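The following report describes selected features of a predicted model. It takes up charged pairs, strand pairing, a surface patch and the cysteines in turn.

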Amino acid sequence: MAALPVFRWRLAPDGYATRRQLRARGLRPGGQGVAAQLERPRRRRGPLGAYLYRVDLAKPVRPMTPARWAALAKANAIRRICPQCRTDAGYVIRPSLGTCVPCAYPDPADSLRSA
């Protein structure tokens with residue numbers, strides 16, 4: 001197996017792009033392997049790396065179909081439902097919190113009024 005060519009930061013030749021750069025052009029890697037690597041040196045840690053793909057082998061991004069839009073809407077709707085109180089929070093619940101804000105931080109004054 002041949003080693004990947006490694007280029008320094010901002011010195012990659014034309015014809016190579018990262019995934020984000022491909023996406024900005026409306027392209028995707030399209031099953032091609034990594035063609036090269038980009039390295040950015042850092043002072044106290046190891047270098048940052050990014051994979052590069054050949055632009056000439058990239059394929060256009062697949063368009064969103066109505067079924068894909070529906071699946072995405074359904075997935076986002078599920079992320080809005082609080083698992084504890086089973087209500088729609090009106091926003092996507094953060095995974096670090098796990099529940100909606102009223103369930104995560106109940107108001108102690110409310111528990112005193114109901115007693």
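Across the whole of this predicted structure, a search finds 2 salt bridges. In one of these, the side chains of Arg 54 and Asp 56 meet at 2.8 Å, taken from N to O, and in the other Asp 88 meets Arg 80 at 3.2 Å, again from N to O. Side chains of opposite charge can pair when their charged atoms come close. As for the surroundings of these residues, Arg 54 is partly exposed with a relative accessible area of 34%, whereas its partner Asp 56 is exposed, with a value of 55%. Arg 80, in the other pair, counts as partly exposed at 29% relative accessibility.

The strands considered here belong to an open sheet of 4 strands, which runs in the order β1-β4-β5-β2 and has mixed pairing. Its edge strands are β1, residues 6-8, and β2, residues 16-17, each of which pairs on one side only. The partner of β2 is β5, which covers residues 48-54, and the two strands pair in the antiparallel sense over 2 bridges. Within this part of the sheet, Ala 17 stands opposite Tyr 53 in β5.

On the surface, a nonpolar patch is formed by Leu 4, Val 34 and Tyr 51, which together have about 250 Å² of accessible area. Of these residues, Leu 4 is found in the segment before β1, and at 36% relative accessibility Leu 4 counts as partly exposed.

What number of disulfides does a search of the whole structure find? The search finds 0 disulfides. Cys 82 is in no disulfide, and the nearest cysteine sulfur to that of Cys 82 belongs to Cys 85, 3.6 Å away; because a disulfide requires two cysteine sulfur atoms within 2.5 Å, the separation of 3.6 Å between Cys 82 and Cys 85 does not qualify. Cys 85 is likewise in no disulfide, its nearest cysteine sulfur being that of Cys 103, at 3.6 Å. With regard to accessibility, Cys 82 counts as buried at 0%, whereas Cys 85 counts as partly exposed at 32%.

The table below gathers relative accessibility for several of the residues discussed.

| Residue | Relative accessibility | Class |
|---|---|---|
| Arg 54 | 34% | partly exposed |
| Asp 56 | 55% | exposed |
| Arg 80 | 29% | partly exposed |
| Leu 4 | 36% | partly exposed |
| Cys 82 | 0% | buried |
| Cys 85 | 32% | partly exposed |

How values were computed. Residues are numbered from 1 along each chain as its sequence is written. This is a predicted model: local features need pLDDT of at least 70, side-chain atom pairs count only at pLDDT 80 or more; totals for chains, interfaces and linings use all residues. Side-chain values use heavy atoms; hydrogens and water are left out. A salt bridge is a side-chain nitrogen of Lys or Arg within 4 Å of a carboxyl oxygen of Asp or Glu. Buried means under 20% relative accessible area, exposed over 50%, partly exposed in between (1.4 Å probe, protein chains only). Two strands pair if DSSP finds at least two bridges between them. Patches are made of residues with over 30% relative accessible area and no salt bridge: like charges are joined within 9 Å, nonpolar side chains (Val, Leu, Ile, Met, Phe, Trp, Tyr) within 5 Å. Accessible areas come from the Shrake-Rupley method with a 1.4 Å probe; for residues, only the protein chains shown count as cover.
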